Amino acid sequence: MPFTVLLVDDEPLVRAGLRAVLEAQPDIEVVGEAADGAAVIPLVNRLRPDVVAMDVRMPLMDGIEATRLVLRTVPDPPKILVVTTFENDEYVYEALRAGADGFLLKRARPAEIVHAVRLVAEGESLLFPAAVRQLAAEYGTNAARAALERAALTDREAEVLRLMARGLSNAEIAAGLTVGVETVKSHVSSILAKLGARDRTQAVIAAYESGFVAPS
C-alpha cells in the first residue's frame, strides 16, 4: 500500500508543486488538499492520511494550532510534516514542540521532499536545521534539565539520544553502534518512556532544551 498524504497550504502553486513531485512516486498517493488549517480535522477523519504536509503560516488557522488539534482529537493521528519557507522561523519550532514529526523547506529539491515524506511516514523524524536546533537551545529551562536528569538514561540510551538528535535513523544508529536495528528500537522506546515523550521529535527537543545536546 502506498503512503497517503494530505497537503495543507494556502498557496495553490505550492500544493500543485508538492502534488506533482509526490504523485510521481509509485509508493506515495496524495489523497486530498486543504487551503487552511481549519479544514484539516474533517479531512483527516475522512481520508485517514498517513502524513499531513502542513504549512506553518496560514490565514485562518496556522499549522501550529492545526497540529495540536489533530494530535488531541484524532484517534491514531497521522504524522505531521511541517512545510515552511524559512528555516529560522520560530513558528517552525513551535510546531515541532506542538507535536509535528518533521521539517521540510518549501525550496527543497524533489528528492528531498520525497525522502522527507517517506521518513516521517515510517516514524523517523528529520534532522532539524541548525537554526531550529539553536532555537531549542535558547528555549532551554531548568525544568527541562531537571526532567532529563530524572529520566536517568543509561549510558547507551544517552548515546542513542545524541545520535537521534543528529537526525540519524534507527538503521544508521545500529550501523554506527554495531548492534541490531531491533536493539536500537528497544533503546528508543525506553528513551521515549523515560522522557515522557510522544515520539522521537519530542525526545530530541527535550535533548536540546535541557542542554544535553548542544546545537552545532
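A residue is called exposed here when its relative accessible area is over 50%, and buried when that figure is under 20%, with partly exposed in between. Keep those words in mind as you move around this predicted model.

**Stop 1: the salt bridge at Arg109**

Select Arg109 and Glu112. Their side chains meet in a salt bridge, 3.1 Å from N to O. Arg109 has a relative accessible area of 55%, so this residue is exposed. Its partner Glu112 is at 32% and therefore counts as partly exposed.

**Stop 2: the sheet**

Now show the strands. Five of them make an open sheet, and reading across it you meet β2, β1, β3, β4 and β5, in that order, with parallel pairing. β2 and β5 are the edge strands, each with a single partner, so one side of each has no neighbour in the sheet. From one strand to the next, the twist averages 25°.

Select β1 and β3 (residues 51-55): these two pair in the parallel sense over four bridges. To see one such pairing, pick Val5, whose bridge partner in β3 is Val51. Helix α3 packs on the sheet here, touching β3 and β4, and its direction makes about 155° with that of β3.

Next, move to β4 and β5, which run parallel and are joined by four bridges. Val82 stands opposite Phe103 of β5. Which residues of β5 point one way, and which the other? Gly102 and Leu104 point one way, Phe103 and Leu105 the other, and all of them are buried. This fits a general pattern: in a regular strand, side chains alternate between the two faces of the sheet.

**Stop 3: two helices side by side**

Select α3 (63-73) together with helix α4, residues 90-98. Their axes are 9 Å apart and the helices pack at an angle of about 5°. Angles under 35 degrees count as roughly parallel, and α3 and α4 are therefore roughly parallel to each other. To see the contact itself, show the side chains of Ile64, Thr67, Arg68 and Leu71 in α3, which meet Tyr91, Glu94, Ala95 and Ala98 in α4.

**Stop 4: salt bridges that link distant parts of the chain**

The whole structure holds 15 salt bridges. Start with Glu11 and Lys106, where the closest N and O atoms are 3.9 Å apart. Glu11 is in the loop between β1 (3-8) and α1 (12-23), while Lys106 is in the loop between β5 (102-105) and α5 (110-121), so the bridge ties together parts 95 residues apart in sequence. Glu11 is partly exposed at 39% relative accessibility, and Lys106 is partly exposed with a relative accessible area of 24%. Add Asp9 and Asp55 to your selection: with Glu11 and Lys106, they are linked in a network of salt bridges.

Then select Arg118 and Asp27, a salt bridge whose closest N and O atoms are 2.9 Å apart. What does this pair tie together? Arg118 lies in helix α5 and Asp27 in the loop between α1 and β2 (28-34), so the pair joins parts that are 91 residues apart in sequence. Arg118 is partly exposed, with a relative accessible area of 26%. Asp27 is partly exposed too, at 24%.

**Stop 5: the two sides of α7**

Select helix α7, residues 142-151, and colour its buried residues: Ala144, Leu148 and Ala151. Why do they lie on the same side of α7? They cover an arc of only 55° around the axis, which puts them on the same side. The general rule behind such patterns is that an α-helix has 3.6 residues a turn, so residues three or four places apart point the same way.

Turn to the other side of α7 and you will find Asn142, Ala143, Glu149 and Arg150, which are exposed. Back on the buried side, the cover includes α8 (155-165), α10 (181-195) and α11 (200-209).

**Stop 6: positive phi angles**

Just after α7, select Ala152, which takes a positive phi of about 50°. Asp76 is another non-glycine residue with a positive phi, near 50°. Find Asp76 in the loop between α3 and β4 (79-84), where this residue is exposed at 67% relative accessible area.

Finish at Thr178, in the loop between α9 (170-177) and α10. Phi of Thr178 is near 55°, again positive in a residue other than glycine. Is Thr178 buried or exposed? At 70% relative accessibility, Thr178 counts as exposed.

Key:
Residues are numbered from 1 along each chain as its sequence is written. This is a predicted model: local features need pLDDT of at least 70, side-chain atom pairs count only at pLDDT 80 or more; totals for chains, interfaces and linings use all residues. Side-chain values use heavy atoms; hydrogens and water are left out. Buried means under 20% relative accessible area, exposed over 50%, partly exposed in between (1.4 Å probe, protein chains only). The arc is that of the directions from the helix axis to the C-beta atoms. Contact means heavy atoms within 4.5 Å. A salt bridge is a side-chain nitrogen of Lys or Arg within 4 Å of a carboxyl oxygen of Asp or Glu. Two strands pair if DSSP finds at least two bridges between them. Axes are lines fitted to C-alpha atoms, for helices over the stretch in contact, and angles run from 0 to 180 degrees between N-to-C directions. Angles under 35 degrees count as roughly parallel, over 145 as roughly antiparallel, 65 to 115 as roughly perpendicular and the rest as oblique.
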